Amino acid sequence: MKNKERKTIDRRRLTQFNLSENNRLTYIYDYSVKRLCMEIVCVSLEIKIKNDWVTILRYDNHHDGVLHRHTLIAYSNTADIVDYNGTKRKGNFTKLLNWAIGDIQSNFMIYKRKFLNRNHLLLKGVEVDEY
């Protein structure tokens, strides 16, 4: 008699919603057939600059399985800073996903202002709404 392996089919879910007219939150996660979150692919804050959406901050647990934050340094460069400061790191993936979504919903204006302040010279003359 052959041993049959039971395979779980992982699926990916993408959701986007506007936090305001010029700010949106996107999250992507992989889940099992039992609807359990298995991996946080990306929870990101995107702002509109020149009619384009630019990701300025994102959370994931891809590299080492621990939730961490990527913060875009400059508008003209895709380099980012990876850090764990202030990031919830304990709990199952569903709780971590909900925490990351809630953090961006609560603090998106702070993150946006910091990005705009770091890039005020690069964005000089570019129309970016501060709300």
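Trainee: Which side chain is joined to that of Glu-46 by a polar contact of 2.4 Å?

Mentor: A polar contact is a pair of N or O atoms within 3.5 Å, where within protein one atom must be able to donate a hydrogen and the other to accept it, and where residues adjacent in sequence count only if both atoms are side-chain atoms. Here the partner of Glu-46 at 2.4 Å is the side chain of Arg-24, and a further polar contact, of 3.1 Å, links the side chains of Glu-46 and Ser-44. Keep in mind that this is a predicted model, in which local features need pLDDT of at least 70 and side-chain atom pairs count only at pLDDT 80 or more, whereas totals for chains, interfaces and linings use all residues. Residues are numbered from 1 along each chain as its sequence is written, and side-chain values use heavy atoms, with hydrogens and water left out.

Trainee: Is Glu-46 buried or exposed, and what does it touch?

Mentor: Buried means under 20% relative accessible area, exposed means over 50%, and partly exposed is in between, with a 1.4 Å probe and protein chains only. Glu-46 counts as buried because its relative accessibility is 7%. Contact means heavy atoms within 4.5 Å, and once residues up to four places away in sequence are set aside, Glu-46 touches several others, including Gln-16, Asn-22, Trp-53 and Thr-55. Asn-22 is 24 residues from Glu-46 in sequence, with 8.4 Å between the two C-alpha atoms.

Trainee: Where does Glu-46 lie, and in what order do the elements of the chain run?

Mentor: Helices (H or I, at least four residues) and strands (E, at least two) are DSSP runs numbered from the N terminus. Glu-46 lies in strand β3, and the chain, which has one helix and six strands, runs β-β-β-β-β-β-α from the N terminus on.

Trainee: What do the side chains of Arg-69 and His-70 in β5 meet?

Mentor: Arg-69 is in strand β5, residues 68-72, and it is classed as buried because its relative accessible area is 9%. A polar atom of the Arg-69 side chain lies 2.2 Å from the backbone oxygen of Asn-85. His-70, in strand β5 as well, is buried at 4% relative accessible area, and its side chain makes polar contacts of 3.2 Å with the side chain of His-68 and of 3.2 Å with that of Asp-80. Tyr-59 is 11 residues from His-70 in sequence and 6.2 Å away, C-alpha to C-alpha.

Trainee: Which elements supply the largest nonpolar core?

Mentor: In soluble globular proteins, nonpolar side chains tend to be buried together. A nonpolar core is a set of buried Ala, Val, Leu, Ile, Met, Phe, Trp, Tyr and Cys residues joined through side-chain atoms within 4.5 Å. The largest one here has 26 residues, and those with the most contacts inside it are Val-43, Ile-56, Tyr-59, Ile-104 and Phe-115. Two or more residues each come from β2 (23-31), β3 (37-49), β4 (52-60) and α1 (93-118), with α1 giving the most, 10 residues.

Trainee: Where is the kink in α1 centred, and what does α1 span between its end C-alpha atoms?

Mentor: The bend at a residue is the angle between axes fitted to the seven residues ending there and the seven starting there, and in α1 a kink of about 70° is centred on Asn-107. The expected span of a helix is 1.5 Å times one less than its number of residues; a straight helix of 26 residues would span 38 Å, whereas α1 spans only 32 Å. At its N-terminal end, Asn-92 caps α1, with a side-chain oxygen 3.1 Å from the backbone nitrogen of Thr-94.

Trainee: Which residues in the loop between β3 and β4 have a positive phi without being glycine?

Mentor: Lys-50 has a positive phi of about 55° although it is not a glycine, and Asn-51, likewise a residue other than glycine, has phi near 65°. Lys-50 lies in the loop between β3 and β4, as does Asn-51. Lys-50 counts as exposed because its relative accessibility is 51%, and Asn-51 is exposed at 69%.
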